[in-house]
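Have the model open beside this text. Two places in it deserve a guided look.

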Amino acid sequence: MFQLFTDFIHRVAYATDASAYREVPQGVAYPECEDDIVELVRVAKERGTFLIPRAGGTSIAGQVVGSGIVVDVSKFMNRIVEINPAERYAVVQPGVVLDELNLACREYGLFFSPETSTSNRCCIGGMFGNNSCGSHSLVYGSTRDHVVEARGVLSNGEVVTFKEEREGTSGRSPFVQSIYDQLSGFASDKDTCSLIADNYPDRSLKRRSCGYAIDEVIEGLQDDGKPLEDRTINLCKLLAGSEGTLAFITEIKVSLDPLPPKEQMVVCAHCDTLQKSFRANLVALRHNPAAVELMDSNVLQLSKDNPEQSRNRTFVNGDPAAILIVELRGESREEIDYKADALESDLMKGGDSKELVYRCTRVYGAETAKVWNLRKSALGLLSGMKGDAKPVGVIEDTAVIPQRLPEYMDDFGKMLAKYGLSCVYHAHIGTGELHLRPVLNLKTEHDRLLFRKVAVETALLVKKYRGSLSGEHGDGRLRGEFIPLMYGEKVYQLMRDVKKCWDPDGVFNMGKIVDTAPMDTFLRYDADQQYAVERELEGEKGYKSTTYFNWKAAFDECRIAGATGAKSQLHAMMCSIEQCNGAGDCRKSNLFGGTLCPAYKVSGDELLSTRSRANILREILTHGWDSPAFGKSANGFSSAGGGNNRSIFSSPEIAAMLDSCLACKGCRSECPSNVDMTRIRAEILQHRHDVSGTPFRSYMVARMAEIERLGRSVRPLYNVFAKWDLSSEIIKKIIGFSAEREIPALSRCSMRALVRHENHKKCSAQHGSHVASKGKVYLFADEFTDCQEAELGLTFYRLLVRLGYEVEIPKHVESGRAAISKGCLKLARKFAVKNVTLLQNVISENTPLVGIEPSCILSFRDEYPDLVDPQMREKAKNLALNCLLYDEFLMREVEKGNITASEFKDDIAEVWLHGHCHQKSLVGIEKTADILRLPKGLKINVIPSGCCGMAGSFGYEKEHYGTSLEIGEMVLFPAVRKAVNADDGTTPVFVAAPGTSCRQQISDGTGVHAVHPIEILYKWLKIK
């Protein structure tokens, strides 16, 4: 039986998609089977409402936003029913993710060829509803071209399978027959056929998804070479692109294509003007490419500030106005190089196309993934523009045939100039569809008027060039209003008649495609709105406080054209939350690697995604207790019990939303929009503590290092209490830790004491003699290593000394990592200020601060500049430049030639490496793998895991213990067990993890002792 939820959190989480729209639905349902859909149709009729089919929720035109009941099929209806390699088809439920289907098809040498930039989280049902295309539609066409059959529930509750049928097919129910009769009537009426032919987009245009595809579905009925009863019709042609307005699809049969040739390459053609890129596209098309895509300077500039995408920019030379990505395929490297030679010659030297392109770079094989990943991230990157103004999806889906594109773009540019607007250009230029996003601030009345004007004038331009207002993103509530303008009132009436015939009672996704509300209503933001959080912290509540992080600095320092900055710290914080555009990168499966978002990965629950957290925070901090999602009780207070006198930070909805976040920092890099939920969470938690007090567990965890330092004076007694079953059980119960976890014991001595003692011995041994040094290194004695793993700290000291470095621990305090994770930012700020003060004149490029525990040393780079007082910001930034993780320092010295492979043994061993989530997010795990490869005998296997599931104290907490282990079981634990079980005794096997909590999690989850990579390097050092 399906689940139906009407609470605040569910309704707000599903009030938006990836569009500019927001409307709170009546409820959210999670069907488990087709029978649930039939029942939901009955419920909708009974309640006088309608169903909104939703899969990945990545729609850009507001297709899944509305006041009805959102029906999310992605959670349960996500089964691959059948893959038939012989007949090259697959049968799937609508919630199957595209990349997951293709992963399953790969072993047969097949794949579902239509694609989207959201392929790792978009679902086949959504692709069918929008008639999605993707980058390679030059070769493969659209989803409509690949759907063979579709099974679904009609508005009368009847379950029907649609497929190619002869006109004379009998045995249909009266309701189904009425649908076929209507379309047959269109096909047999010459005036109607002429009307359709004259007003629909150019048939040579590959991307045509505006309105209902009446022209395509009746095409088979117009075959004069066959008797009427033998002519064929497949209603899947009409259902594709119908956005769930005609039927609720429960199963889809799609055709599969052979995998592309083994050799592929992209030529990245750099243009110094946009106009040249439009003409260069026509040249590229003459060489029969598999794809031609475009990225303009806005996308390329924004990628510089995203940690993950900045690592994908290896193919970019300088600062081009635009880059054409031209994909070439062949059976051999020689074949594609021959094609590339001809292409580049044509672009750079040949005939009338001379100097269209000033540079070409070639990227081969697996490395092309970097190019495509950057291209796919474009939508998210654009939302990362700092401030209220954003490149807005309003006319982003227009398409004209490529030969008309330069002229169309010229007219479009003149229209933008008339309104003084800048615009972002990217995507599918090879098929005549550029995603055009003018930069607008939809929080102002002025730009909301421009929002409409640009939409109207662009629609007229598209009509002038016989194009389609929607190429692949659909109409939704964004473009439905303009369908009469595009097609004329008579054709539009045909579309309204189709909707009425299929859905006479208004059961399915009302207000989309036809009878759509004005496109500038129900927008995500109100004009000139004041945030509830501003009223509370700056005004009527009298707190007069502001934010704890310096959110405004990033906005003030942004140099991207069109960025509007922020008026205040609170405004900057809200803009940082609003950078979530709903594209759903946080919903990708663990099958595709990455860290973002472990809570969602293990649950498949939208409410546990970063997108959902951003939606809920935005709603509460913007509207407060006045949010329509709360509703009102008889006494006038919100259903959540808030009332007008309670702080919005005391909302239980905020508490529930923050509780599921592991603070893994995966979003810090993997979210293209740079929605740093870890930092947002810490900020909101501190405000919550200000209102409600700091919970005892948070207080204790934030001060863990201080407690351990006090415990050192009675270390044996501390360790007895930590390890003795009775006492440890009492301690864990008081704190709220799981009984299954062990409280870490204290090391015999602190890391500081051990290093100090070792340094004293070294100085005594060298008394009176001069020893050459490669340089001086300052070690950061982080709170975890110093108290709990002091021997590891000593090992790193010895490694550096034996490699020829002077090593010293400077005067410093703890990093404050635990305090940050628990939202105790007042305390964390004290640590940050103290450390910057103590180290600013000590640490330099020649004498760096090097850390062992990733989360601690990386705090200097990630949080400190925005946590210290604004007047200390530059000092903190300068210090951060020379705060390095152990692997960064060692690889820097390798690149300088100061450390070589000759200093290590060649003994053979196999290492399975799991990276710390903060490290993976901020600097990557590659340098750890590289430094471990320096000893020639070591074979390094990087485990494709995300967060281990411990995430500091998260995995210790009793309510999170089960989730923590489930996260570990997704990838990490099975990989560790496989590695250890494969140990045949001939080659030593090590499991390595740089994070202390990661090593604890591996031990608890698998019983395997994981080591720090430093320990392996030290073990492989040659004896000197």
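What follows covers a sheet and then a cavity.

This is a predicted model. Start with the sheet. Four strands form an open sheet in the order 22-21-23-24, and their pairing is parallel. Strand 22 (806–808) and strand 24 (883–885) sit at the edges, each pairing on one side only. On average, neighbouring strands in this sheet are turned by 35 degrees against each other, ignoring direction.

Strands of a sheet pair through backbone hydrogen bonds, either parallel or antiparallel. Take one pair here. Strand 23, residues 849–851, joins strand 24 in the parallel sense over three bridges. Within strand 24, Cys883 stands opposite Leu849.

Now look for the helix on this sheet. Helix 34 (residues 790–802) lies across strand 21 (776–780), strand 22 and strand 23. Helix 34 runs at about 170 degrees to strand 21.

Next, the cavities. The count is 10 cavities of 30 Å³ or more. The second largest has a volume of about 380 Å³. Which residues come closest to its centre? Of the 25 that line the second largest cavity, they are Ser19, Ala20, Lys390, Val392 and Tyr525. Three elements each give two or more residues to this lining: helix 15 (378–383), strand 18 (390–391) and strand 20 (435–440). Helix 15 provides the largest share, three residues.

What is the make-up of that lining by class? The second largest cavity is lined by 12 nonpolar, seven polar and six charged residues.

Notes:
Residues are numbered from 1 along each chain as its sequence is written. This is a predicted model: local features need pLDDT of at least 70, side-chain atom pairs count only at pLDDT 80 or more; totals for chains, interfaces and linings use all residues. Side-chain values use heavy atoms; hydrogens and water are left out. Two strands pair if DSSP finds at least two bridges between them. Axes are lines fitted to C-alpha atoms, for helices over the stretch in contact, and angles run from 0 to 180 degrees between N-to-C directions. Contact means heavy atoms within 4.5 Å. On a 1 Å grid over the protein atoms alone, a cavity is a set of points where a 1.4 Å probe fits but cannot get out, and a pocket is an open set with protein on both sides within 12 Å along at least five of seven lines; lining residues have an atom within 4 Å of a point. Grid points are joined across faces, edges and corners, and a volume is the space filled by probe spheres set on the points. Ala, Val, Leu, Ile, Met, Phe, Trp, Tyr, Cys and Pro count as nonpolar, Asp, Glu, Lys and Arg as charged, and the others, Gly among them, as polar.
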